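Reader: Hey, got a minute to walk me through this model? I'd like to start with the domains.

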Amino acid sequence: MIVPTMADMIAQGKQPEVLFWVGAAGSYDDRAKKISRAFVKILHQAKVDFAVLGIEETSTGDAAKRAGNEFLFQMQAMMNIEVLNGYEVKKIVTCDPHSFNTLKNEYPSLGGKYEVYHHTQFIQNLISEGRLNIDDTTLKGKRVTFHDPCYLGRANEVYESPRDLIRRLGVNLTEMKRHKETALCCGAGGAQMFKDAEPGNKEVNVLRTEDALKTKPNIIATGCPYCNTMMTDGIKFKEKEAEVVVKDIAELIAEANNL
Amino acid sequence: MQYLPNIFFIIVLIAGIGFFVMNVKKLSRNIKLGKDVDRTDRKSERLKNMMMIALGQSKMVKRPFSGFLHIIVYVGFIIINIEVLEIIIDGIFGTHRIFLGVLGNAFYGFLIGTFEVLAALVFIAVVIFWLRRNVSNIKRFLSKEMKGWPKNDGNYILYFEMVLMTLFLVMNATDPTFQQAGIGNPISQFVAPLFNGFSPDTIHAIERTAWWIHILGILVFLNYLYYSKHLHILLAFPNTYFANLNPKGQFNNLESVTNEVKLMMDPDADPYTMPEEGAEETVPEKFGASDVTDLNWVQLLNSYTCTECGRCTSSCPANLTGKKLSPRKIMMDTRDRLEEVGRNIDANNGVFVDDNKQLLNDYISPEELWACTSCNACVEECPVNIDPLSIIMDMRRYLVMEQSAAPQELNMMMTNVENNGAPWQYNQQDRLNWANEE
């Protein structure tokens, strides 16, 4: 798979249209890597001139910040900003709502001002610019429910872009009772992904999976690698792997377009 | 002698309002114990929020049933205050229903008639509220933090309103001239027959008693506010005005940290420099919050505004899955501790004397703080834009940056971010391997 880096691009004297911020999950987590690859396939199909930072990318510091370590966050932020500004990056797209939120909202006052898009917004733009079409026959008739990632939804009020893309797949979108503003968290945010939960009577991801299963879906769609992990674990816990799959919207589009 | 009631009324009125003003001063002093935060920008947006959310109750109706009942009580409360104005003027000058002469029969009748209908509706709504709190098993009213005073406080407010509305209707029902005029008594005309057979003197005495208890009740209620969750009827307005306008996912970047990080990353900085001779040694700022005085004034205003409705807690993923965290409790604890600090200052001639207590540990445990997923559900839910999440984050910052007291797994995560640029232990050189794995 051809994934150009900024370093290559600059060496050839080129400035790509957009930087794809892969994020730690998208780079290292086996499940999330599939999302990164699906998104790259879409970028290639739409002939988007993009690049990644590759080994020059490092954690945005989001998880450290939510854990309370403002020092580590700002150190990471300033290192990243130095690299991004060095490459004169203007536009960034990412599949991770946490990176999206941090780059878009928390980097500007530290000197990193970019146009930042979540991949669902970016793909939506590609469609409206006529650069990409979604085949609405491949997945036709499937029941899909969408789990709103907190850092995309409530945190940044992006509710429609993912839903618009799902509708374009020709599937049957069924909402959970708690959705959009009232969506329940998957349980991974605020650095919970990296620790055990405090004592309680249930895991948050199990409760959210139960919400989703009530819609009797074939597919639980989401737009965040961490939500993906949590919902996938929830499906395993409920022993529903045979009937329900958890997919990122980028994966669904890649599948629909036979990429 | 005939002016005795007027004089008594004026004294009571001045005392009631004076005591209230004193408490408002205390309230404002306590809120100003918070750190500065600039909320003077984007004035029109702030005004719009206040009009929509506080005045227009736009977030209340997201839960339609309780929202609708709340609007009845709210509208009733505001409109019936016009009647209170008449009562105050009558009380001071010894007049009786002064607006009747001023406004004329028809308009006065329309006004009082409207108030009577509202009073009856408020009464019904308040009874339903009481049933919801005490009979229905609504989980958010049964949480641990709602035992004792918070539960009683909620009920006292409802009793107050029931009594005030009843007195208003009784007062109208026992006013024979008002009843005979037959204007503005759509409800009290059904209450009036209860007093048939009483002598005119007795009826007059009942009317006067109802009138007096009504106005005294209002003054007592006004002064009850400061001690109650009911402060929200006033503070909802400044609270929505000064609320955060940035995207909910945007957490503030600590400036004190920025300065230190810049210094650390500056290749020209000399690590061995000493402060210049005579230069004042600046005490390094405390990172994060361990007590109420480390929070900003908007967070403290939030705590006084909270009416403990529990919509936040009922939407919190941690609370829904049985964890100790309750965003409502975070707000209640903040207010309780702030009140304690305020009383300490009052008792020590205006200076806070260390009491070996703080918000962290004595009120809010680290277990509660670490259960938060930072999902913003509580912030989204709050009908008056309170932000419990910002307090949780500031306290986490204290735990991590001042005490290095993060859970072990998070320390490992942070070490990985520091060393490998990712929360997991992977080699930075492998960061692009995903591209070639298919």
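Reader: So how far apart are the C-alpha centres of domain 1 and domain 2 of chain A?
Author: They lie 22 Å apart in this predicted model. The domain assignment puts domain 1 of chain A at 6–127 and domain 2 at 134–256.

Reader: And how many residues does each domain put into the contact?
Author: Domain 1 of chain A gives 27 residues, and domain 2 of chain A gives 27 residues.

Reader: Which helix gives the most on the domain 1 side?
Author: That's α3(A), with eight residues. Helices supplying at least two residues there include α2, α4 and α7 (119–128) of chain A. By type, that side of domain 1 divides into 13 nonpolar, eight polar and six charged residues.

Reader: OK, switching to the two chains. How many residues does the contact take from chain A and from chain B?
Author: It takes 58 residues from chain A and 58 residues from chain B. On the chain A side, the largest share comes from α5(A), with seven residues. The chain A residues touching chain B split into 23 nonpolar, 21 polar and 14 charged.

Reader: Now chain B itself. Which residues of helix α10 are buried?
Author: In α10 (residues 232–241) of chain B, the buried ones are B:H232, B:L235, B:A236, B:N239, B:T240 and B:Y241.

Reader: What do those pack against?
Author: The buried residues of α10(B) pack against α2 (43–55) and α12 (297–305) of chain B.

Reader: Last one: what are the confidence scores?
Author: Chain B averages a pLDDT of 93, with 97% of the residues scoring at least 70. The model scores ipTM 0.96 and pTM 0.95.

Notes. Residues are numbered from 1 along each chain as its sequence is written. Chains are lettered from A and ligands numbered from 1 in the order in which they are written. This is a predicted model: local features need pLDDT of at least 70, side-chain atom pairs count only at pLDDT 80 or more; totals for chains, interfaces and linings use all residues. Two residues are in contact if their C-beta atoms, placed from the backbone, lie within 7 Å. Helices (H or I, at least four residues) and strands (E, at least two) are DSSP runs, numbered from the N terminus. Ala, Val, Leu, Ile, Met, Phe, Trp, Tyr, Cys and Pro count as nonpolar, Asp, Glu, Lys and Arg as charged, and the others, Gly among them, as polar. A residue is buried if 20 or more other C-beta atoms lie within 10 Å of its own, exposed if 12 or fewer, and partly exposed in between; C-beta atoms are placed from the backbone. pLDDT is the predictor's confidence in each residue, from 0 to 100. Domain bounds come from an automatic or database domain assignment.
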